[in-house]
Amino acid sequence: MSNAPAEEIPAEEIDLTEANEVIDKYLTLPGNLMPVLQGIQDAYGYVPKPTIDLVAERLNVYPSQIYGVLTFYAQFHLKPRGRFIIRVCVGTACHVQGAERITETFFGRLGIGHAETTPDLRYTFEKVACLGACGMAPLAMVNDDTFGKMTVQKVDEIIETYNARPMK
């Protein structure tokens, strides 16, 4: 056993002004935890740890309860995500139409895999079970934009289009 001090992980430093504004907005409403967490995620793009501690203190709930909510619902994220969320359907209809080739092309072009984010926070990539548009298979989405009948060439066009867009 070593007597060397454990390496400390630096605390994430963020401005809590927006989080406090969200909490203030819902503070007196019953059942306010979900809208507070949703508002914080909208403000920051994810739910940073310092905001969890702040919510626990201001709403008088245990951090473990907050983590329970954050890890139960897929809508919440505990790590920063990209400005552009790319989703590729890998459901049956998309799979048989070549979704795997589309997915691998995105992986290669972006240098990230499933549920990963580019270092510049421009892109997050996700494989999803279904996007509900089987007639357009294979299908991809970038945020709310839908791209059907995907091809490798369309992957390059999509990346070129979103690379040209501002980060905010």
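Which residue follows α6, and what is the sign of its phi? Gly111 follows α6, and its phi is positive, near 75°.

## About the model

This is a predicted model, where local features need pLDDT of at least 70 and side-chain atom pairs count only at pLDDT 80 or more, while totals for chains, interfaces and linings use all residues. Residues are numbered from 1 along each chain as its sequence is written, and side-chain values use heavy atoms, leaving out hydrogens and water.

## Helix α6

Let's start with α6, residues 99-110. Helices here are DSSP runs of H or I with at least four residues, strands are E runs of at least two, and both are numbered from the N terminus. The 12 residues of α6 should span 16 Å, and its end C-alpha atoms are indeed 16 Å apart. That expected span is 1.5 Å times one less than the number of residues.

Its buried residues (under 20% relative accessible area, 1.4 Å probe, protein chains only) include Ala99, Ile102, Phe106 and Leu110. Among the elements covering the buried residues of α6 are β1 (84-89), α5 (92-96) and α7 (152-163).

## Arg122

Arg122 sits in the loop between β2 (116-117) and β3 (123-128). Arg122 is buried but has no salt bridge; Asp120, the nearest side chain of opposite charge, is 4.3 Å away. A salt bridge needs a side-chain nitrogen of Lys or Arg within 4 Å of a carboxyl oxygen of Asp or Glu. The side chain of Arg122 does reach the backbone oxygen of Tyr162, at 2.8 Å.

## Cysteines

With a disulfide taken as a pair of cysteine sulfur atoms within 2.5 Å, the count is zero. Cys94 has its nearest cysteine sulfur, that of Cys89, 3.4 Å away.

Terms used: Buried < 20%, exposed > 50% of the residue type's maximum accessible area, 1.4 Å probe, protein only. Lys, Arg positive; Asp, Glu negative; His and termini not counted. Polar contact = N/O pair within 3.5 Å; in protein donor to acceptor, adjacent residues only side chain to side chain. Contact = heavy atoms within 4.5 Å.
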